[in-house]
Each structure stands twice: as C-alpha cells, then as structure tokens.
Amino acid sequence: MRRASIWIFLACLCIPSFALYRGEIYSEDLRIQPLRDGRVSTTFSFITVLEGAVPRNPKALGQLDESQHYALFPLTLGQILREYAITELHLTLNAGKWNYDNWGHPHEAGVGTGAELWAWMGASEVTTVDERWSGLRNALSGLFCASLGSLDSRRTLSPTVAFPLSGSTPTFAPHELRHASLPSESVCTENLTPFLKLLPCKSHAGLAALLNPQKVFDADWHGMGIHVTWKEDTGVELKLTLQAVFNPVRTSAGKRRDWNLQSLFDRSIERSCPVASSSSVTVILPEEKGYQITPENPAHINGLVIYDLSSSSNFTIPSNIAMYWPSEHSFQYPLPPLTPVTPLSVKRTIHGTTQTRGVLSISVTNNSPQEISAGYLEMMPALLTLWMHTLKVEINSQIRSDLLSGLKYHPPSPQSNDRLSPSMLQAVLTIPPKTTLKLSMEVNKAFLKYTEHPPDAMRGWDLPGAVFFPLPQSSHDTSSSYDWERIYTPTLLVDLPTPDFSMPYNVIILSCTLMTLIFGSIFNLLTRKWVVVEIQE
Amino acid sequence: MNSAAFASTGFGFKDPRKLSFERDWIRRAVLASYWIVIILAFPFWWHLTSIERLALPTSQVRSQVQSNIVFPIAVHFDASIGQQNPSLNSQVQALLHDCAINEPGRWRGIDLRLKDRNDEVTSSQYTVALGEQTSIAHSRHLRVSKTDAQSATRLSSILSDLIAPPKSSTSHSQRVVQYSDHYRLAFTLLNEDATPNRFVETWDVQAALAEFIFPLMSRLSILHNFTVESQVQYYAPLAFEPKRLTLGDTEASGLTQEDLTVFINSAEWTLASSVSNDPVLHFVLFVPSETHSPMNIIDSEGRPTNQSSFLLPQWGSIFILNNELNSSSLSYNDLKPVFRNFAIQLAALLGVPPVPIGLSMEGGFLSDWQLDALLRRRALQNVQGSQDTLHSIVKLVDQINNMPVGQVVRDDVLDALTSLHEAYRTAAASPALALRWSSKALSMASRAFFNPGMLALLYFPAEHKYAVYTPLFASISVPLVVALIRDFRAWRRGSQNDGRR
C-alpha cells in the first residue's frame, strides 16, 4: 500500500513537468451571412486548443489519472473526457428546421433537430465502451441540463461510415463509435447558461457577450454544438459553436432586411476577452450589390469583410457592425421558382392513415448538372419496422433499382434489458443530374406497452431525420464530386396506437366480472341439484 | 297433438335423483374440491404477493454495537529519564489514568501503557528519551528536555496531547470533512474581473503543488488517495457588494463575517464536479477586481484584520490575493504564501491534530505521532458511524412492517458486520489496517441503509392489493359460500329426516 502510494506520488511529480509545457490557445470568431430570403445567419465559434494533449488511453482507466491543470479549457468538460476516456465527442442541441434550399449548407454541419450525441471511444477490457457511453450521457445531461440520459440502447447505433473520426486515429486501441439522437429534445436557456460557463470569459467579455438568450431563442433557427477532436499534430481541440438564423424582416417595423449587431442581439461588445489570442467578426457579403456596410473596412477578401476585435488591434470597442440597403424601401421576398442553393434537396414524409402501417417516402433532387452519389442513412427507433422487400426506387414513376447500391440493413435487435435497438438502413443512391429520385418503403408501427408511452402520448413520437452524406472519396475521382456536407432531413411525427390511460382499473374490474360470470355459471352447473317439479293440474 | 306428445315424453323423464351425476356425494365432492383448491392456493397467493423481508442478524448487530475498538499503545521510557526521578513512570501513569477517567470521550478506544525496560519491542511502540530540548522526532520518538523530564505533570500533558489530541471545541468536528478514501482537491484561481490592469492569466500551480501539497499528500496516503486538479477562471463576480472602507488616504473593501458565509457564488463560479461522487475540497485563490482591491476581512468592530484567508468548514479554503501584480502570471514565489496556507488548511480540513504547544518538530510535515493519532481517530469515527448506521437499519426495519429487506441489503449488513469484526481484530496489530476495515464497514452499512429497494413498496400498501383483488375474490366467494351453506342445511335436514325415520 505504502509503496504503491509512493509510486503514485512520484508519478504525480513527473507528470506536471510534462504538462507545464502544454500551451492552451483560445480563439473566437463570429461569421455573419445575410441570406437571400432576408434572414441573417450567424455562427459563433469558440475554439480552445490544448496543445500536445493526448486523449486518455482507455486501458489505463483502472488506474489513478494524471492531474489535470487547465487555464482556458473548461475543467468540468475535461473531467468528463478523462473519466470516460473519450477520444472524440460531438454534441449538438438544435431547435427548428434548417432550410438547406434557401440557406445553403450551415457553417457547422450538425443541424439535426433536437439533441444529437456521438462519441468515438477506444475499446478496453477495464470498462466496456457501452458502460462509458452510458456514463458520458448522464454526465453530459447533468452538465448541459438536457435529457441526454434517455439516449439509451433504444436510440444508440454505430454508423461509422456517416460519422467518421474527424481528427486523427489514436494507435493505442481500436476505436468504436456510439451515436444517438433525440429529436424531441427542446433547446432553451437552461442549455445556453451552462454552455456559456464553459467559455473562459463566459458572457462577460468578447464575442460571447452578444449571446442574449432572449434574442437567440427568438431566432427562426438556433442551435449549439460542442465538438471535441484530437489531432496528432496540434492536440485536443474543443470547439463550441452557436448558430442562429435571425429574421430582421420579421422583427423590424418597416419590413426591412437591414441589420446591425445591436438590433440582432440587443447587446454590444463592451470589451474584448483578454485571453483570446484572436477574436474576429467576419461578414460574408451577398452577391448582389446595393448594400452598404459600416464601419468601412478596407479588408475585403473574396467577398469577406473581417473585423479584428482582439485587444491588440486598434479597432475601437464598443463597435456596432451594420449592413443596410439604402435604396430598398421594404424587403421583397424572392419569388418562386427559386433554384435551391445546395446540390441536393431532400424531402421525407410518412403517409398512411391507419395507426398500424404506413409508407415512408423520400424524394431526393439533384440540382446540379452532374451525377451525385450520396450515402443515405436511416436510423429508425424500433417504433417503426421497415419492410425491405417493399423498397422501391423510382424516377418519373419508373423503377430504377440500379441506382441503389451497397444496401445494408440491421433490423432491430433485442437488448439485454428487454428493449429493442433501433434499425439501421444504409445505402448509396446515385442521382442523375437535374432529376428527382423517389424512394419508398412500407412500415409497420409498433404496438407499445402502456408504460412505454411518454406523458403526452397523444402527440405522437418524433422520429429522427435521415442523414445524407458525401461518400468517402476515392483518390482518382475528386473532380467529379461536388463539395457538400452532411444533410439532415427534418424530423417526422408518427402516430402510434395509443391506449386510453385511464383504463387499468377499468380493465381489472371488467375482466374480474367476466371471470366471475364464467366461474359462477360453471360452478352452478356442477353443484346444482336437479329436481322434477310436478305441477298438479 | 303437441300436448299429447309432451305428455308422453313427460312420462319418460327419469327421476333426477337416479341420474349417475345427481348424487349428493358427487355434488359435495365437487364443492369440497373447490374449497380444497382455494385453501391450498391461499398460502401460495399470500407468499407471492407479500413483501420479501429477510431476517437481519439483529442479535449480532446488537452485540457488535456494544463492543468497541481498542488500540493498545505502549510508551517506553528510556533509562535516561528514570535516572533523575525513579518514580516518574508510576506518577505519569497515575496522571494519565486520571486524565482518561475525566475525559472518557477523548480517550475512547485507547489503552495506554507505560513501560520501563525493553521488554518487548513492537513496531508501534513509542519511545521517550532525554534530549536537548523537548521536540518530536520522526519514527515515534519524543525527546524531552531536562526540565520537562522532571515534572510528571508536564510529561503527562505532552503525552496525552500527542496520543489523544484534545477535541478542542465543537468547531473541530464541524470543520473536518467526512472520511472518504478518495478526495478530489480542486485548486481554482478566480479573477473577480479580467481588466487589463489587474488580472492573472496563468499561475505556476504545479511547482507550488509539488512543494507544499504533494509532501502532505504522500504522508496522508496511508489514509486517503487524492486527485488533484486546477483551473483558472477569468470572470468570477461576487454575489454581494463588499463594504467600502477608507483607511487613511487609501480606499479598500471589507468582508464582514456575514459576507464570508455567502462568499461562494455557486451560481456564477463553475466549481462543481459532475463526474464522481468523491468529496471535493476546494482551494480558491481569489484575485479581487481593481475597484475592490485591496480586499480585507474585517472584524466585528469594522476594523480590517491582517488575515487574508479563511476556511469554510467541510468545503475548503479561500485565499484573497491583495499583492500588487507585476505581470499577468503568478510565479512560484508569489504562490509560496498562498500554498503554505492551503497546506495548513488542507491538514485542518482532514483533521490532522496540531503539534502541542511548546513542542518543536524535527523536519517534515507530519510526525508519526500525529499521523497515528489521526488514524486512530478516523478508525474510531468510522466504527462509531457504522455501528450507528447498522443500529438504525435494524430499528427502522423493526418499526416499519412494510419495508422490504432483500438479499442485497442482508448481504451488505453481513459484510459490514464482518468488516467491523476485522477492524476490532486488527486494531492491536495495525491501526492502518483497522482503518481500512472500518472504512469498508461504514461504506457497506451506508450502502445497505440507502438501498433503493428498501423504499420500493412503502408507497404500495396492502390496502392497494386488496382493492385490486376484491372485485374478483368477493364476487367468486359469494356463490362458493352460498353453496356451502345450502348444502350444509340440506345435509342437516337429510340427517334429521333420517333420524326421524
């Protein structure tokens, strides 16, 4: 015991000397992009890099961990990453439907409605990946006040092709992916407050001072993301992002699309964050002319205007960046037909009037003049059973099965705790240029036990959106493929057979009465005394 | 025509009493078999729907609660001391004996013996010898100056302070954290406000830890394991406005005693840890903002004191940094007074007994005397805690008849009892081992006490069960009982008729 403790003490002495040289760099950036439908997309990204840090080797989980000393990196998150030996972590909490056709690709790809969590972890004999996944979920739900704890085995899958490791692959252990999403999670202030506390300057200084919950949650679309990646040459990188799509046309009195920081956030940047190595606001200029931007900045690079807000620069703080269209009286919405901005447009619906079966149909339109091959991933909770034999791929009502390849389907499998894992359907769709491909399959809706229904059972169940992702490119045909990112379809609402929840006692009474009736009549038959009654006339 | 046909068949009726199944004994056998099935099924039903209550080892718990852990301690007086005053040994022994009788709480679990000669040398024996001045040496050795060696009173008070440190006041027990075999030590540098003129960006925490905290940790490693972590926060505002003070021509801010109790702003400072249930001890270095600097702790009369740190019982310690800041990083030299203070506070929070007044210590952070006293006290506390918990479980289960007691709870209670027994057994040989066992006993006992299974059926009383079953049982029992009574009457009438005949 004593000897072991001395060794631990010696180890403690050695590790800090290594950690002393570990630098931490924090930088922040805000990207503002006016969109063609009058909205303004804003993306905050706060990046903290732990230079030279390495994710914890899961094989050492049984031993005492090295001391953690952080200056800029949030300790509360660092503890979780070390405790469960997480190599890569992505958590997004979004509300609303990202309109790809009008807004283009988001700056951060994770825009699926609700909560989405995926993590890459090294396998180890000490604690299994699933145990750590469950611990991670609970720790994060405590940290962000979100119901991530319910992302249990009924929601968890491992779609490695669509969600690859975005950093380097550590060599110490084979890595496994766990992915789960909860579309019904609603995002609100209680999630933003802990998010802001992870920043070195919180919401007191720097760009984060703009994040006013009243304005952010009034936006047409808003979402936040926490991304932890490990790159061999830099170290562990924590990227906190917050995206919001504001609608100045709706909120302004004169139906104008002019915006400035004060009107968007109702706050201004009073001072810069002293520990930020860089702090900048980037405005992406629209293609059409007629706008003006203040303050005038000579640095126009490729349609970008960059304002450096870091303390070293001579940019005056407080500042209010504004963009306005002086010649426009009120904003005229662009009239249809509009050509979508993204190469792919996806629609996904579920039809059928009954509560027992339906048809899931997806229509994918290729807007580009080139053929696109896209990965299609469906992660369906066991609420719906997909019937693969009814899968149809059509173009203009003609069956084109040749466009579907690489089909993989994992049916729901029973778990140890009497629950069904989700089913996973993964396929490659090849969509010819300027055409719409329709894919449909029949589904059965599950009949649940009455205890499995949520408190608002009549509302129905939210199904996570499907994911379309670019295929990992082989080296020779880089020219043929478009540059695009993961696309999430909107969530679906499915109506399952719902019982009348006032029933249990009625059922008891009714079945007891029935049993008594049967029992009584049989019992009477068996014990009745039969006599002939002679009627005297 | 019809009536004639009916009449002819009517005459063809057999007498029902002659039918093979229309016999009295068959009907009674049917009825009896129903009742037999019900009577046989009743115990099964009762067993299946009743709450599992395994018998707890009540008598064993009662007997363990009576017994107590005892640490035998042998103090050996070197011959050099006995030369001056031959009766010293017996005098000290008598004084210590009186002491133990006067303060039973302080001397609980300690069986002290003084020895003259090197009769039997055990590893845990303490030695007292003559030296230049009164001081504690390592390896359980005490040197006594000549003047001190002549007075039996002085010697006995030194010995009793070392072996059974006085529980100074009630504040002591409230200040010391609950025993746990693993603690997290969280060191936090808090900037009240990050203005360019006055804020600390980095600190050389690791050098300071290695100098002041790690030696203490390694000495205490026999009792606890530690995880150390540190963080820096740049905006940590106070939840209240400190009092303005004017000291001559300088402005300062003051913290009253009430302010100290609400100093921690848990809403804004992210100090909490969410990954483990281990107790966390916080050590906060607080850098006041430019407007609040310097920040003093003021006494009840409003005068600033020269104290710059304070301890929050069972939580941790806070140091307010009022130095002029030359650069945005704190060097090892800047941190020296801070971490020296933190080390003292850590020892106080963990209940390390102080060195008795008038004694010097030869090097090191903690003497074996102190460590042993701490070990004994912690083991005793754990033993008392687990005894109390076990006693409460037994009492609670006795009082509440609806409380289920499963196999898990029973196993935990048995484990706790075995560990307690081991703790008693090993106390003589090794206090450290006794501490391990007592800590295991405490954790087992509290795990049994807080077992969620014990609460499960408290809210589902027997009345609910009857409410669910009554619709079935009441309606079935009516024909059964009525048939029984009817048949019984028929049988009596039949036997009366027989008797009349």
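These legends accompany a few close-up views of a predicted model.

**View 1. The contact between chain A and chain B.** Here we look at where the two chains meet: 47 residues of chain A and 40 residues of chain B take part. On the chain B side, the elements that give two or more residues are helix H2 (24-49), helix H9 (205-220), strand S8 (225-233) and helix H15 (462-500). By residue class, this side of chain B holds 23 nonpolar, 12 polar and five charged residues.

**View 2. Strand pairing across the two chains.** Zoom in on strand S3 (residues 68-69) of chain A, which runs parallel to S8(B) and is joined to S8(B) by two bridges. A good place to rest your eye is A:Gln68, which faces B:Glu229 in S8(B).

**View 3. The open sheet of chain A.** Ten strands are a lot to trace, so here is the path. In chain A, an open sheet of 10 strands with mixed pairing follows the order S6-S5-S4-S7-S8-S2-S1-S10-S13-S12. Its edges are strand S6 (175-182) and strand S12 (300-301) of chain A, each of which pairs on one side only.

**View 4. A helix on the sheet.** Helix H4 (residues 129-144) of chain A packs on this sheet and touches strand S4 (86-95), strand S5 (114-122) and S6 of chain A. The directions of H4 and S5(A) make an angle of about 140°.

**View 5. An antiparallel pair within the sheet.** Strand S7 (residues 221-231) and strand S8 (residues 235-246), both of chain A, are linked by 11 bridges in the antiparallel sense. To find your bearings along the pair, look for A:Gly225, with A:Thr241 in S8(A) standing opposite.

Terms used. Residues are numbered from 1 along each chain as its sequence is written. Chains are lettered from A and ligands numbered from 1 in the order in which they are written. This is a predicted model: local features need pLDDT of at least 70, side-chain atom pairs count only at pLDDT 80 or more; totals for chains, interfaces and linings use all residues. Two residues are in contact if their C-beta atoms, placed from the backbone, lie within 7 Å. Helices (H or I, at least four residues) and strands (E, at least two) are DSSP runs, numbered from the N terminus. Ala, Val, Leu, Ile, Met, Phe, Trp, Tyr, Cys and Pro count as nonpolar, Asp, Glu, Lys and Arg as charged, and the others, Gly among them, as polar. Two strands pair if DSSP finds at least two bridges between them. Axes are lines fitted to C-alpha atoms, for helices over the stretch in contact, and angles run from 0 to 180 degrees between N-to-C directions.
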